[in-house]
Each structure stands twice: as C-alpha cells, then as structure tokens.
Amino acid sequence: MGGVITGFGVIASIIVTGYVLGRRGSLGEHGREVLTRLSFAVASPALLFTTLSRADLSVVLSVPLLVTALSTCVVAGVFIAVGAVRRWSLGRTTIGALCASYVNAGNLGIPIAMYVLGDAGVVAPVLLFQQLVMTPIALTVIDLGRPGARPSAVHRLTTPFRNPIVIGSLCGVAVTAAGWRIPGPVLEPLTLLGGMAVPAVLLAFGISLPGTALPGTGEERGPVLLSVALKSFAQPVVAWAIAAGVFGLGGPALFAAVVTSALPAAQNLFTYATRYETATVLARESILLSTLLAAPVLLTVAALLG
C-alpha cells in the first residue's frame with residue numbers, strides 16, 4: 001500500500017505548508033483568494049486540457065465508467081434529496097452533493113492507481129465523467145442559482161461554455177477526438193501552467209485552516225457529516241454492489257472499481273466553492289474529513305478485496 005502512503009504524504013505536506021503560510025500571513029490578506037482564482041481561471045483549465053487532449057475516449061463507453069456514473073448518481077441523489085427536504089440553498093446542496101460523490105481522481109487517484117492497482121489508466125473513466133459531465137452541470141447550476149441572477153434563455157444555454165474549467169476540458173476532448181497532435185512548443189507552456197493547479201489548490205486549502213473550528217462541529221455539522229458518510233462509506237459500498245451485482249465484475253476489475261470510489265472528495269471542490277462564494281465551510285470540512293478517513297477505508301478495501 002505504498003501508493004496510499006505516498007499519495008497522502010504528498011498532499012499532507014503541501015497542505016501543511018499552506019497552513020504555515022496562513023498562520024504567518026506570508027501571502028497577505030488575499031493570498032487564498034488569489035491562489036484559488038489562479039487555479040480556477042488559468043492552471044486547472046490548462047491541466048485539464050493537457051490531460052484530456054491525450055486521453056483515450058474509448059473509456060467513455062466502458063463498464064468502469066458506468067459503475068462510476070451510477071454510484072455517483074446514487075450518493076449525490078441521496079444528498080440532494082436530503083437537501084430538498086431540509087430546504088438547504090441550491091449552492092449548498094450542489095457543493096454538498098459534489099463532496100459526497102466527486103472523488104480525488106487526479107492528484108491522489110493517479111498515484112494510488114499506479115502503486116496499488118498497477119495501472120494509472122483505471123482512473124481515466126472517473127476523470128472523464130467528472131470533467132465532462134459532473135463539473136459542467138454542477139457549476140452551471142451554481143452559477144444560475146446565485147442570488148440576484150435572472151439569466152435569459154441564451155445565458156442559461158451558454159453558461160457552461162463560459163466557464164474556464166469546462167472550456168479547458170471540452171477543448172482537450174476536441175483535440176483528442178480530432179486526432180490532432182499538439183506541437184511541443186505549444187504544449188509546453190500549457191503543461192507548465194497546469195503544473196500549478198494542484199499545488200495552488202492545496203496551498204489555498206491549507207491557508208484556509210488556521211482559526212477554523214474542528215471539522216464537523218460547526219454550523220455546517222449536518223451537511224458535512226452527511227457528505228462525508230456518503231463519500232467515505234456509502235459510495236464504495238454502492239460501487240461494489242453495482243460492479244459485482246449488476247455487471248458481474250470480480251477480481252482486479254471489482255477491486256479497481258471500489259478503490260476509485262473510495263477516494264476522498266477532491267480538493268478542487270474547495271476552489272469551486274470559494275470561486276462562487278458558496279458553502280466554503282462545507283467544502284473545506286468535508287474534504288478534510290473524507291481525506292483523513294480515506295487511508296483506513298482504502299486499507300480496509302485492500303484487505304477485503306485485494
């Protein structure tokens with residue numbers, strides 16, 4: 001399980017660095033906001049473009065993608081249903097549903113897939129589904145549901161295509177679908193910009209931690225605990241039930257499906273919450289708790305199915 005330890009160690013070290021910077025005030029009063037905006041508007045679109053421009057689109061029709069999509073819809077649907085009953089705001093419910101179902105397939109999923117599953121490609125279906133389906137839908141819902149927003153029909157239809165995260169993803173897929181090969185001098189600057197995405201998000205996350213209450217104890221206690229329970233425990237169980245019971249998967253294929261579903265909530269959800277100024281506490285605490293729980297959950301999965 002060296003991949004689990006390595007992946008979590010890398011993430012923890014950068015978050016701790018951000019925490020120290022936040023405690024010292026090294027980046028000033030608006031350091032966190034600058035980092036999250038940099039990641040949202042520049043670095044993450046570049047990373048998604050370079051990643052998806054080299055992706056294998058054949059995984060779109062694969063069984064692992066169906067397992068991912070169905071398990072995601074189940075747990076996200078549970079959070080949305082509870083949010084509707086409790087009359088939580090649209091932004092709060094959307095961010096909470098993402099925290100309950102949107103896995104850290106990039107900076108944590110890839111090393112874990114490489115070292116634990118022996119194939120980094122198994123996270124490709126998850127990455128594609130999250131970036132091409134979940135992200136555009138969720139960010140459009142948040143954007144259109146912001147207070148005071150009275151968008152026209154044209155604005156509603158074009159909202160996804162004005163979001164830098166979605167633009168970067170769609171452009172990357174278009175390059176792959178067309179079979180184009182990007183020249184090195186063009187790709188290299190994008191690769192460098194994309195390299196800032198993960199560190200910027202993790203540093204901003206760490207900067208936000210000083211002075212905050214223990215996760216799961218504040219005003220967002222209910223939504224946080226619900227999203228963490230769904231993400232850390234329900235989603236792996238649902239993925240196992242769908243993979244084994246519906247599609248008859250077993251062995252390494254079943255193990256890979258459950259491991260990817262057991263990954264914690266992705267740090268970029270905090271970027272989305274901060275960018276749209278909605279449910280930032282919910283995002284931060286859900287990500288932190290699910291990340292802390294992910295190691296024992298993954299070790300348990302490995303013991304049972306590995």
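# A walk through an all-helix fold

Let's start at a bend in the chain: R87 sits in the loop between α3 and α4, the latter covering residues 90–101. Keep in mind that this is a predicted model. R87 has a phi near 60°, which is a positive value in a residue other than glycine. Is R87 buried or exposed? With 76% relative accessibility, it counts as exposed, because the cut-off for that label is over 50%.

A second loop residue tells a similar kind of story. E277 is found in the loop between α13 and α14. Its phi is positive too, at about 50°, although E277 is not a glycine. E277 has a relative accessibility of 72%, so it counts as exposed.

Now zoom out. The protein has 14 helices and zero strands, so if you read along the sequence you meet one α after another: α-α-α-α-α-α-α-α-α-α-α-α-α-α. There are 306 residues in the protein, and buried ones make up 49% of them. How do the contacts spread along the chain? Take the contacts between residues at least 6 apart in sequence: 84% of these join residues at least 24 apart.

You can see such a link by looking at helix α1, which runs over residues 2–24 and holds I15. I15 has 12% relative accessibility, and it counts as buried because that is under 20%. Along the chain, I15 and A200 are 185 residues apart, yet the separation of their C-alpha atoms is 9.9 Å. Which residues does I15 touch, once those up to four places away in sequence are left out? They are L202, F205, G206, L209 and Q267.

L57 gives you another example, this time from a loop. You'll find L57 between α2 (31–52) and α3. Its relative accessible area is 25%, so L57 is partly exposed. The C-alpha atoms of L57 and P125 are separated by 8.7 Å, with their positions 68 residues apart along the chain. Not counting residues up to four places away in sequence, L57 touches L128, V173, T176 and A177.

Next, let's see how helices pack. Two packed helices are described by the angle between their axes and the distance between the axes. Try this on α3 (residues 63–86) and α11 (residues 221–246): their axes come within 9 Å and cross at roughly 145°. This crossing is right-handed. On the α3 side, the residues that meet α11 include V67, L70, V74, V78 and V82. Among their partners on α11 are L226, L230, A234, V238 and I242. What sort of residues make up this contact? It has 15 nonpolar, four polar and no charged residues.

Helix α11 also packs with α14. The axes of α11 and α14 come within 9 Å, and they cross at roughly 30°. Angles under 35 degrees count as roughly parallel, and therefore these two helices are roughly parallel to each other. The way α11 passes α14 is a right-handed crossing. From α11, the contact uses residues including P223, V228, K231 and W240, while α14 brings in, among others, L282, E285, L289 and L293. By class, the contact of α11 with α14 has ten nonpolar, four polar and two charged residues.

So what about the inside? The largest nonpolar core has 65 residues. Within this core, the residues with the most contacts are I95, Y102, I112, L269, Y272 and V301. Which helix gives the most to this core? That is α14 (residues 280–305), with eight residues. Pick out L269 and look past its neighbours within four places in sequence: L269 is in contact with L98, C99, Y102, A283 and I287. Apart from this core lies another one, of five residues, among them A200, L203, A204 and I207.

We can finish on helix α13, which spans residues 268–275 and is the place of T271. The relative accessible area of T271 is 2%, so T271 is buried. Setting aside residues up to four places away in sequence, T271 touches T36, S39, F40 and V201.

Notes. Residues are numbered from 1 along each chain as its sequence is written. This is a predicted model: local features need pLDDT of at least 70, side-chain atom pairs count only at pLDDT 80 or more; totals for chains, interfaces and linings use all residues. Side-chain values use heavy atoms; hydrogens and water are left out. Axes are lines fitted to C-alpha atoms, for helices over the stretch in contact, and angles run from 0 to 180 degrees between N-to-C directions. Helices (H or I, at least four residues) and strands (E, at least two) are DSSP runs, numbered from the N terminus. A crossing is left-handed if the near helix is turned anticlockwise from the far one by less than a right angle, and right-handed if clockwise. Contact means heavy atoms within 4.5 Å. Ala, Val, Leu, Ile, Met, Phe, Trp, Tyr, Cys and Pro count as nonpolar, Asp, Glu, Lys and Arg as charged, and the others, Gly among them, as polar. A nonpolar core is a set of buried Ala, Val, Leu, Ile, Met, Phe, Trp, Tyr and Cys residues joined through side-chain atoms within 4.5 Å. Buried means under 20% relative accessible area, exposed over 50%, partly exposed in between (1.4 Å probe, protein chains only). Angles under 35 degrees count as roughly parallel, over 145 as roughly antiparallel, 65 to 115 as roughly perpendicular and the rest as oblique.
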